[in-house]
Amino acid sequence: MPLISRWISGVVLQGDAEGSAFKVTTASPPLLTVADVTDTKTRSPEYRLAQGLLQGLRRELFHDVLAYRLLPPMRTDGPVTRRLPGRIRRYAAWTPHALVAGAALLVLAVAHDVRHFVFGVVPAAAVLLTLVRPVAAFWLSLLSAPFVVLVSGGGWGDWPWSPDYMVAHLVVLTVVAARTRPRTAVWMWALTALYGAFAEAVLGRGYSSTVGPMLVVSAMALLVVTVLHTRREAKEEVTAQQTVTARERSRRTLLEERTTIARELHDVVAHHMSVVAIQAEAAPYRVENPPPELEQAFATIRENAVAALTELRRILGVVRAEDYEAPDAPQPTLADLDALIANVRDAGLSVDATVTGAARELPQGVELSAYRIVQEALSNVLRHAPGAAAKVEVSYVLGGLGLRVVNGPARGLVKPSPGAGHGITGMRERVAMLNGEMTAEATGDGGYEVAAFIPAQRQESA
């Protein structure tokens with residue numbers, strides 16, 4: 001029998017399944033480490049806050065300090081750059097790089113006016129380093145300032161930042177903040193303030209200080225960059241949400257249209273299957289003294305039709321909404337196009353209808369879909385092109401049915417209604433369901449054209 005084992009306070013009880021015999025054995029409990037004891041204690045909110053701040057500082061400014069991150073070219077699809085000529089637009093993409101290089105030259109010029117341009121090489125290098133290694137550029141600009149100022153031999157009047165280093169550090173802070181996250185900007189300003197306070201209190205020796213101007217100007221610059229950065233992220237998030245919303249709306253429209261088509265097909269097929277079952281039941285009575293084989297054949301046909309109708313209602317009936325009511329009148333066909341065109345003419349739309357080819361009876365699903373496509377196309381003309389003239393062409397061709405609805409540009413004082421393209425989605429779904437092809441595009445004169453071909457065979461008469 002399998003053994004049952006339990007650990008209770010360092011004691012193992014073992015016995016068989018019925019519990020008839022037990023043996024008590026001792027086991028050493030697991031040892032607790034100092035870390036386990038510490039983790040079990042409730043840490044204060046101040047401790048957790050400080051721990052989170054230190055982790056954020058390490059993640060933003062100490063982790064991957066030398067990471068290579070080349071500044072990418074600027075996008076040229078903005079409201080100003082997209083209006084530039086093609087060649088100038090290509091060069092405009094490198095505008096940020098040119099501005100950084102210009103700032104490095106400015107640092108060299110300021111260093112030449114104050115001491116000698118040689119002492120501006122390090123701050124200028126820190127500015128250029130922001131193009132490839134932004135975090136390393138910040139540390140180079142912050143840590144090299146006191147050494148270069150002291151080596152230059154004339155920096156005690158501008159301590160701890162000389163004019164060239166002040167310009168360089170402001171540029172570095174701005175570029176790095178623009179290339180990283182807003183939290184990085186906060187940490188850079190805090191470290192700059194900490195360094196300035198330490199240099200002024202410990203190493204200043206009573207000379208004039210540039211800490212105040214540096215902190216004020218850098219705070220303003222970082223605030224502007226952070227606001228722009230946050231605004232750009234919010235705009236990108238809104239754009240992403242709008243894209244997802246539009247995609248979901250299109251998918252929902254597609255599902256709704258498929259549901260509508262399934263309902264209509266359910267009505268059409270159920271009608272025909274009911275007719276088959278009724279005719280099969282009535283057929284033996286139309287023949288005098290029918291043979292038993294014929295009666296059995298018609299009975300089998302009726303049983304199969306009823307079974308198919310039951311299965312059809314079970315499967316396709318699930319697409320019906322609870323509040324959906326089956327139409328009382330028969331579904332429209334191409335024979336009802338004249339009434340549809342007369343209706344839209346009464347609404348003020350000028351429509352010219354043309355039927356080419358030998359008109360013939362088509363499968364009811366094809367005629368229903370063709371009617372709905374023409375109906376939706378004319379409704380779009382009324383909504384989106386008020387005052388325009390429309391033309392409807394129905395072509396009975398070999399192997400199928402051709403449809404074409406074209407309209408001119410909107411005319412008059414009535415403004416077109418905005419649309420989301422749901423009608424076009426429904427038409428495409430109907431055509432795709434019947435293995436057809438459809439195009440919907442604007443015409444050269446500002447109008448719109450919808451053309452479709454639905455393959456269909458000649459409807460056999462009963």
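**Exercise 1. Determine which backbone oxygen lies 2.8 Å from a polar atom of the side chain of Thr192, and describe the setting of Thr192.**

Solution.

Step 1. The atom is the backbone oxygen of Met188, 2.8 Å from a polar atom of the Thr192 side chain. A polar contact is a pair of N or O atoms within 3.5 Å; within protein, one must be able to donate a hydrogen and the other to accept it, and residues adjacent in sequence count only if both atoms are side-chain atoms.

The model is predicted: local features need pLDDT of at least 70, side-chain atom pairs count only at pLDDT 80 or more, and totals for chains, interfaces and linings use all residues. Residues are numbered from 1 along each chain as its sequence is written, and side-chain values use heavy atoms, with hydrogens and water left out.

Step 2. Thr192 belongs to helix 8 (residues 182-202). Helices (H or I, at least four residues) and strands (E, at least two) are DSSP runs, numbered from the N terminus.

Step 3. Thr192 has 0% relative accessibility and therefore counts as buried (under 20% relative accessible area; exposed is over 50%, partly exposed in between; 1.4 Å probe, protein chains only).

Step 4. Neighbours within four places in sequence being left aside, Thr192 is in contact with Phe138, Leu142, Trp161, His169, Leu173, Met214 and Leu215. Contact means heavy atoms within 4.5 Å.

**Exercise 2. State in what order the five strands form the open sheet, and place strand 6 within it.**

Solution.

Step 1. The order is 4-5-6-8-7, with mixed pairing. Two strands pair if DSSP finds at least two bridges between them. Strand 4 (350-356) and strand 7 (437-442) are the edge strands, each pairing on one side only.

Step 2. Strand 6 runs antiparallel to strand 5 (residues 389-397), to which eight bridges join it. Tyr396 has Leu401 of strand 6 as its bridge partner. Two residues separate the strands of this hairpin, where Gly399 takes a positive phi near 90°.

Step 3. Eight bridges also join strand 6 to strand 8 (residues 448-455), again antiparallel. Here Val405 stands opposite Val450, and Gly400 has Pro455 as its bridge partner.

Step 4. Helix 12 (residues 364-384) lies across strand 5, strand 6 and strand 8, at about 5° to strand 6. Axes are lines fitted to C-alpha atoms, for helices over the stretch in contact, and angles run from 0 to 180 degrees between N-to-C directions.

Step 5. Seven of the eight residues of strand 6 (residues 400-407) are buried, so strand 6 is largely enclosed by the rest of the structure.
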